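Thanks for sharing this one with me. Here are my notes, in numbered points, to read alongside the model.

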Amino acid sequence: MQASQMNNSRSISERVAGARTAFRRGASRPVAWRRGQLEALERMLVAEESEFCEALSSDLGKPAPEAWLTEVSFVIQASQFARKNLDRWTRSRPVNTPVFAMPGRSRVRPEPLGTVLIIAPWNYPLQLCLAPLVTAISAGNCAVIKPSELAPATASALARLLPRYLDPECVVVIEGGVDASTQLLDEPWGHIVFTGGARVAKIVMSAAARHLSPVTLELGGKSPCVVLPDANLEVAARRIAWGRFTNAGQTCIAPDYVLTDAHTRDRLVPLLRNEIEQMFGEDPSRSPDYGRIINETHFDRLLGLMEGAQCVVGGDSRRESLYIAPTVISPAAADQACMQDEIFGPLLPILDSPDLDTAIAHIRSKPKPLSAYLFSKDRKAQARFEDEVSAGSICLNDVMLFMAIEDLPFGGVGNSGMGNYKGEGGFHNLSHDKAVLSRSLWPDWALRYAPISSAKMKWLRRLR
Ligand code: NAD
């Protein structure tokens, strides 16, 4: 019997209990174990690249180069970065000990939280299961992964392959949809990392509250992209088109809409058209580099957003192949359907905004986005944008690339989420920073013990 078949035949609670027992036994604590698991994860991604790429192609029509770049190699890079920093991150950090606690030594010692539940969405179904796993393992936790049921081929590849490479007691994959999630959320967790939409995030957070399980919520929202007239529009058009149409627009940090003045918009639209053609040819439905919509529900939702919209580029679609062309909607109106919620598809509305003041005011009037973009050469405009716009991440003169910089944190703020599972910040988020004070028994000054005389009080005030 194969490992995955054996695993599926055991109940969810048995498998979760197995991970918990392994954690209690201390199986995931040694730094050597963590390093070994990360190495095994990297080995799996290299050896099984074609298997994962096929699964991603089956789920999302994801082109193999894109699957490699944004999923497989993304996780390898995160894992290598974690391994490189593991000794430093896991070490106890000495901190200053004030006079009143001397002689003594104070330090901060990161300790694992327990078993981490990872609930993932369908749009980057491999990356969003494995990148949080890298951090959970680095921090010495066991992990239970619940991939998205809407990307079943990737979920099944993970369930089949992970136990072949990683410790199957400590890292468990549970396939299934809402029922499986609900069952998992009934359990207490060391931490829950949820990536998905705000509606389900509220369900996750209230379930977590019952056990006081800490949560990290990686959500989405409408990420604005401001283009000022002084920007290099050619480069802006290329980068915006890349960001918006990668994974057929189903990326949480994709530029969701453009804010620019009417004159710049007239210059930008033909450049966007040209860039789309350069990337995907005259008929993107025949491009090997262009993905598909995840399912008919999302396809129909996106078509609904296009109803009555002025599509100046693209606009065509084919339901049987879940294809929607890279589409630019211009000009878009603030009350239009595509301007209400996160688009999460290959539609790019361009909204008129006469200047930076209006653009910033517009962004600030909305829920805080996961990312916000500005294209401008003007340093003062850049500084203002950086200072005045609150978002998970800000990127000037590019889009999305910050995600691949390991030293930058990643996470939302307000409606776009809370917490972070990436890099060093993520390591501390999935650890408990335990305070340790180690005191010498001698001398044992009588100063703090009653009775507190006025002379003692004078000294106490002086020593504070
Ligand atoms: P979703 O919220 O519908 O589902 C995410 C996960 O929750 C899935 O595993 C699903 O099985 C589970 N789930 C669904 N309903 C549930 C319920 N009632 N109870 C318990 N669990 C339930 O999200 P999605 O449609 O898969 O993903 C799209 C959203 O994810 C977008 O809003 C996007 O912006 C966001 N996203 C965010 C990031 C990020 O890093 N911040 C990355 C990718 C996607």
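1. A good place to begin is Arg20. With a relative accessibility of 17%, Arg20 counts as buried, because the cut-off for that label is under 20%. Please keep in mind throughout that this is a predicted model.

2. Which residue does Arg20 pair with? Arg20 forms a salt bridge with Glu187, and their closest N and O atoms are 2.8 Å apart. This pair links distant parts of the chain: Arg20 belongs to helix 2 (residues 12–25), while Glu187 sits in the loop between helix 8 (178–185) and strand 6 (191–195), 167 residues apart. Glu187 is buried as well, at a relative accessible area of 19%.

3. Helix 2 offers another salt bridge to look at. Here Arg25 pairs with Glu169, the closest N and O atoms being 3.7 Å apart. Arg25 lies in helix 2 and Glu169 in the loop between helix 7 (152–165) and strand 5 (171–173), so the salt bridge ties together parts that are 144 residues apart in sequence. As for their surroundings, Arg25 is exposed, with a relative accessible area of 55%, and Glu169 counts as partly exposed at 34%.

4. You may also like the pair Glu149 and Lys146, a salt bridge whose closest N and O atoms are 3.3 Å apart. Is each partner buried or exposed? Lys146 is buried, with a relative accessible area of 2%, whereas Glu149 counts as partly exposed at 38%. Elsewhere, Glu39, Glu42 and Arg83 are joined into one network by salt bridges that share partners. For the overall tally, the structure holds 22 salt bridges.

5. Now for a residue with a nonpolar side chain, Leu45. Leu45 is part of helix 3 (residues 31–47). Its relative accessible area is 0%, so Leu45 is buried. What does Leu45 touch, leaving aside residues up to four places away in sequence? The contacts are Phe52, Val72, Val75, Ile76, Leu126 and Leu130. As a yardstick for your viewer, Leu45 and Gly140 are 21 Å apart, C-alpha to C-alpha, and 95 residues apart in sequence.

6. On the surface, have a look at Val99. Val99 is placed in the loop between strand 1 and strand 2, and it is exposed, with a relative accessible area of 56%. Together with Phe100, Trp459 and Leu463, Val99 forms a nonpolar surface patch with about 400 Å² of accessible area in total.

7. The strands on either side of that loop belong to a sheet. Three strands make up this open sheet in the order 1-2-18, with antiparallel pairing. Strand 1 (93–95) and strand 18 (431–439) are the edge strands, each pairing on one side only. Neighbouring strands of the sheet are turned by 30° against each other on average, direction ignored.

8. Last, a closer view of one pairing in this sheet. As a general reminder, the strands of a sheet pair through backbone hydrogen bonds, either parallel or antiparallel. How many bridges join strand 2 (residues 104–112) and strand 18? The two strands pair over nine bridges, in the antiparallel sense. If you would like a landmark, Arg107 has Val436 in strand 18 as its bridge partner.

Conventions:
Residues numbered from 1 in each chain as written. Predicted model: local features only at pLDDT ≥ 70, side-chain atom pairs only at ≥ 80, totals over all residues. Heavy atoms only, no water. Pairing = 2+ DSSP bridges. Helix = DSSP H or I, 4+ residues; strand = E, 2+ residues; numbered from the N terminus. Axes fitted to C-alpha atoms, helices over the stretch in contact; angles between N-to-C directions. Buried < 20%, exposed > 50% of the residue type's maximum accessible area, 1.4 Å probe, protein only. Contact = heavy atoms within 4.5 Å. Patch = residues over 30% accessible without salt bridge, like charges linked within 9 Å, V, L, I, M, F, W, Y side chains within 5 Å. Areas by Shrake-Rupley, 256 points an atom, 1.4 Å probe, with all protein chains shown as cover. Salt bridge = Lys/Arg side-chain N within 4 Å of Asp/Glu carboxyl O.
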